[in-house]
Amino acid sequence: MYLKDLDIPGDKLTYGDFSLRFMVDENMENYMSVHNWLTGLGFPETTKQFKDLIINNEGQRDLNEQFSDGSLHILNSNFRDVAIVKFRDLFPVSLTSLEFESSDSDINYFTAEVTFKYTVYNVLAADNRTPL
């Protein structure tokens, strides 16, 4: 094994990205919230976009404002929690565009997909405390 890096247990963990498909609300608030977050993180058109992103509720500059924690509730057929996946330090890396179609005669709802990077996740039981 000369000059080969050996894989050993306990080395760095690697998680896949977290992708979420969601229905865009009627006023596009949820879509624009992710869009503005992503724009502020990426290559904003103005420095104000990034500045607005990193200002906390007290009006102070806080680079942790780039990140968010999140919970994904896994439901059973009766819409009761089976498990809760808790993500730490989420931030978006991509957001799909919206497909506009004027020739449809039926009501079609917009959906979009957002992809997040994150530090770590934990899967908890429905009580939101006990690890599965």
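Start with burial across the whole chain. In this predicted model, 21% of the 132 residues count as buried. Keep that figure in mind while you switch to a surface view. The chain exposes about 10600 Å². Carbon and sulfur atoms supply 51% of that area.

**Overall layout**

Now switch to a cartoon. You should find 2 helices and 5 strands. Trace them from the N terminus: the order is β-α-α-β-β-β-β. The radius of gyration is 19 Å, well over the 14 Å that the globule rule gives for 132 residues, so the chain is more spread out than a compact globule. Show the C-alpha trace next. Along its principal axes it spans about 65 × 45 × 40 Å.

Turn on contacts. Take those with a sequence separation of 6 or more: 57% of them come from residues 24 or more positions apart.

**Charges**

Select the charged side chains. There are 11 positive and 21 negative ones. Place a marker at the centre of each set; the two centres lie 9 Å apart.

**Stop one: Gln66**

Select Gln66. Where does Gln66 sit? Look in the loop between helix 2 (47-53) and strand 2 (68-75). Is Gln66 buried or exposed? Its relative accessible area is 17%. The cut-off for buried is under 20%, so Gln66 counts as buried.

Zoom in on the side chain of Gln66. One of its polar atoms lies 2.8 Å from the backbone oxygen of Leu63. Now colour the residues around Gln66, leaving out neighbours within four places in sequence. Its contacts are Trp37, Leu41, Phe50, Leu53, Ile54, Leu90 and Phe91. Of these, keep Phe91 selected, as a contact of Gln66, for the next stop.

**Stop two: Thr115**

Jump to Thr115. This residue is in strand 4, residues 111-117. How does Thr115 fare on burial? With a relative accessible area of 12%, Thr115 is buried.

Show side chains here. Which residue shares a side-chain polar contact with Thr115? The partner is Ser19, at 3.2 Å. Then bring up the wider set, again without neighbours within four places in sequence. Thr115 is in contact with Asp17, Phe18, Ser19, Phe91, Pro92, Val93 and Ser94.

**Linking the two stops**

Go back to Phe91. It is among the contacts of Gln66, and it is also among those of Thr115. Show Gln66, Phe91 and Thr115 together to finish. Both end points of this view are buried: Gln66 at 17% and Thr115 at 12%.

Definitions and conventions. Residues numbered from 1 in each chain as written. Predicted model: local features only at pLDDT ≥ 70, side-chain atom pairs only at ≥ 80, totals over all residues. Heavy atoms only, no water. Helix = DSSP H or I, 4+ residues; strand = E, 2+ residues; numbered from the N terminus. Rg over C-alpha atoms; globule rule 2.2 N^0.38 Å. Buried < 20%, exposed > 50% of the residue type's maximum accessible area, 1.4 Å probe, protein only. Contact = heavy atoms within 4.5 Å. Areas by Shrake-Rupley, 256 points an atom, 1.4 Å probe, with all protein chains shown as cover. Lys, Arg positive; Asp, Glu negative; His and termini not counted. Charge placed at Lys NZ, Arg CZ, Asp CG, Glu CD. Polar contact = N/O pair within 3.5 Å; in protein donor to acceptor, adjacent residues only side chain to side chain.
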